[in-house]
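Open the model in your viewer and keep the selection tool ready. The stops below say what to select and what is there.

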Amino acid sequence: MTKKHIIYIICLLYATIAQSQNSKNTIQTDTIASTKNIKFIGLPIAFFTPETNFGFGGGGQLFLLNKTNKYNDRLSNILFSGIYTLNEQIQFEVSPKIYLGNGDYFIDMRYFLNIFPNSFWGIGNNTPNTNEEAYNTTSHNIRVAFLKRLPPKLNFGFEYVFENHEVTEKEVGGILDTENILGNDRAVISGLGVIFNLDSRDTTGSPLSGRYYKVNARFSSELLGATHDFNKFLVDLRTYEKLSKKSTLAMQVYLENNYGDIPFQGLASYGGGNTARGYFKGRFIDKHMYVAQVEYRLRLKPRWTAAAYGLVGEVANRPNDFFSIKNLKPAAGAGIRFKVIKDQDTWLRLDLGVGKNDSNGIYIGINEAF
């Protein structure tokens, strides 16, 4: 829900402690519910923005305590969130991550529903702010991935991706209405993918050390119900260097390349709460994109962390167009994180980012941006 000049008010309510089904279990005082096999964390949210009016919702994480990954003690979990505003905007997400066979197999799923007015500036790295036009969209996104661990730190697998984007309203005479933009009425992305990653992070919510290298190739095809044929290639390289007992330097290089007939909903999208904080998500879109970011994290207390980051990146129609100084899109910012439960790797994150040409944003999320 990131837009310019956002003001969020987070209300964290942990007043309800459930009775354990087993008297030997220990229930943390900041856990909403816990039993022998599950632990539930709730995060209610209230906010107001000029674009949304008053909004409310919540999120949470359900941990399956008896489904443990023997390689790094990670727990199977289901992360979810839902938001509704007085302008009748809806966002809902469910992301199960399930380990099977003591961690030898991993199921990674995500469902995302988005009924939301959005903004479009055209395609390219230098679209002017005056191009901005509003459009309404309803999107259903589903991703299911199945990975096999190649001990101790490698993972290989396949995924299926389905996205249905309906443009329900657009400005008459605007770019989406008058220009030949693929997906300006509807786009279906449906295809298979291949994933290979190396993951040696100590944790996933807020890593202090380790590496995460991921290569992903996706192929959207009309044979599988897509409206357009195109290929997407992703590279995500992250490293976490522990500078001291309380500080970590996190670094990421993210690359995305698309080839074929790509609807605008499938193009590389610059901005947002994870990829390029400081810019509206989708402020710049095109076939190719890179982002390089560095973040310094300082553990103030066991459950509080402060962070400061800087990044640079851009989009382009061809990779050969990258790295012109005038086209770079830098940003910088800072934030704070709070560990929701003492013994569980779930963090609430608040970041402020400032980009080029008065671009800025306030971002709230669960766990680190990368």
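Start with strand β11, residues 210-220, and pick out Val 215 within that strand. This is a predicted model. Is Val 215 buried, partly exposed or exposed? Val 215 counts as partly exposed, because its relative accessibility is 46%. Now add Leu 150, Phe 156, Phe 158 and Phe 196 to the selection: together with Val 215 they make a nonpolar surface patch of about 440 Å².

Zoom out to the whole chain. The protein chain has 20 strands and one helix. Of its 370 residues, 49% are buried. The exposed area of the chain is about 17,400 Å², with 59% of that supplied by carbon and sulfur atoms. Among contacts between residues at least 6 apart in sequence, 55% join residues at least 24 apart.

Next, select residues 75-85, strand β5, and residues 90-100, strand β6; the two pair in the antiparallel sense over eight bridges. Which residue of β6 is the bridge partner of Asn 77? The partner is Lys 97. Four residues separate the two strands of this hairpin, and in the turn Glu 88 has a positive phi of about 65°.

Now turn to charged side chains. The whole structure holds 22 salt bridges. Select Lys 232 and Glu 256, whose side chains meet in one of them at 2.6 Å, N to O. Lys 232 belongs to strand β12 (residues 230-242) and Glu 256 to strand β13 (residues 247-260), so the salt bridge ties together parts 24 residues apart in sequence. Lys 232 is buried, with a relative accessible area of 12%, and Glu 256 is buried too, at 6%.

Move on to Glu 295 and Arg 337, whose side chains form a salt bridge of 3.3 Å, N to O. This pair links distant parts of the chain, 42 residues apart: Glu 295 is in strand β16 (residues 288-301) and Arg 337 in strand β18 (residues 331-341). Glu 295 is buried, its relative accessible area being 0%. Arg 337 also counts as buried, because its relative accessibility is 1%.

Keep Arg 337 selected and add Asp 351. These two form a salt bridge as well, with the closest N and O atoms 2.7 Å apart. Asp 351 lies in strand β19 (residues 344-355), 14 residues from Arg 337 in sequence. At 0% relative accessibility, Asp 351 counts as buried.

For the last stop, extend the selection to Arg 277, Arg 297, Arg 349 and Glu 368. Salt bridges that share partners join these four with Glu 295, Arg 337 and Asp 351 into one network.

Technical notes
Residues numbered from 1 in each chain as written. Predicted model: local features only at pLDDT ≥ 70, side-chain atom pairs only at ≥ 80, totals over all residues. Heavy atoms only, no water. Patch = residues over 30% accessible without salt bridge, like charges linked within 9 Å, V, L, I, M, F, W, Y side chains within 5 Å. Areas by Shrake-Rupley, 256 points an atom, 1.4 Å probe, with all protein chains shown as cover. Buried < 20%, exposed > 50% of the residue type's maximum accessible area, 1.4 Å probe, protein only. Pairing = 2+ DSSP bridges. Contact = heavy atoms within 4.5 Å.
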